[in-house]
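Hi there,

Here is the structure I promised to hand over. Have a look at it first, and then read on for what turned up.

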Amino acid sequence: MSAKDLMDALDTLGARASLTTGETLFSIGGVCQNVYVIISGRVKCTAPGKADIERECGDVLSLIDALSSTTYSRTCSALEHVELLVIPTKTLTSMLEAADNVMAMTMKASAVRVAIAQEGAPT
């Protein structure tokens with residue numbers, strides 16, 4: 001599957017959105033309602049006591065938070081104009097569960113393990 005095929009498939013799950021420079025996508029502690037795929041631009045993700053992370057085209061934001069059913073673990077803001085694909089967590093969860101309950105449980109368990117391994121991850 002090509003990158004274009006993958007984006008075409010993902011487009012059916014969500015909607016396109018854009019951010020202007022400096023605009024906040026989501027804030028730490030907010031209820032995680034979406035997973036975001038960066039189509040273009042750069043985003044800076046911050047959290048107290050953690051190193052800042054810059055994300056760019058092709059990166060996925062908030063997947064671990066969504067799969068582990070937690071709040072956002074960082075605040076993410078646009079460093080420049082950003083185009084995004086916004087996928088509601090309910091859509092993602094439904095898709096995974098419809099595909100295979102074992103796969104969905106495995107992905108959620110993996111997400112929790114990754115979150116715990118990261119600094120300041122939810123417990």
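The link between Cys-45 and Cys-76 is right-handed, with 115° about the S-S bond. Please keep in mind that this is a predicted model, so every value here comes from computed coordinates. The sulfur atoms of Cys-45 and Cys-76 are 2.4 Å apart, which makes the pair a disulfide because the cut-off is 2.5 Å. A search of the whole structure finds 1 disulfide. Cys-45 belongs to strand S4, while Cys-76 belongs to strand S7 (residues 75-78), so the bond ties together parts that are 31 residues apart in sequence.

How accessible are these cysteines? Cys-45 is buried, with a relative accessible area of 3%, and Cys-76 is buried too, at 2%. Since you may be thinking about the other cysteines as well, here are two of them. Cys-32 is buried, with a relative accessible area of 9%. Cys-57, on the other hand, is exposed, with a value of 53%. The line between the classes is simple: under 20% counts as buried and over 50% as exposed.

Next, a residue in strand S4. Thr-46 lies in this strand, which covers residues 43-46. Its relative accessible area is 27%, so Thr-46 is classed as partly exposed. Which residues does Thr-46 touch, leaving aside those up to four places away in sequence? They are Asp-52, Arg-74 and Thr-75. Of the Thr-46 and Arg-74 pair, I can add that the two are 28 residues apart in sequence, yet their C-alpha atoms are 5.3 Å apart in space.

Now for the sheet. It is an open one, built from 4 strands in the order S1-S8-S3-S6, with antiparallel pairing. Strand S1 (15-19) and strand S6 (60-61) stand at the edges; each has a single partner strand, so one side of each is left without a neighbour in the sheet. As a reminder, strands of a sheet pair through backbone hydrogen bonds, either parallel or antiparallel.

Within that sheet, strand S3 (residues 34-40) pairs with strand S8 (residues 82-88) in the antiparallel sense, over 6 bridges. If you would like one spot to look at in the viewer, try Ser-40: its bridge partner in S8 is Glu-83.

Happy to talk it through whenever suits you.

Best wishes

Key:
Residues numbered from 1 in each chain as written. Predicted model: local features only at pLDDT ≥ 70, side-chain atom pairs only at ≥ 80, totals over all residues. Heavy atoms only, no water. Pairing = 2+ DSSP bridges. Helix = DSSP H or I, 4+ residues; strand = E, 2+ residues; numbered from the N terminus. Buried < 20%, exposed > 50% of the residue type's maximum accessible area, 1.4 Å probe, protein only. Contact = heavy atoms within 4.5 Å.
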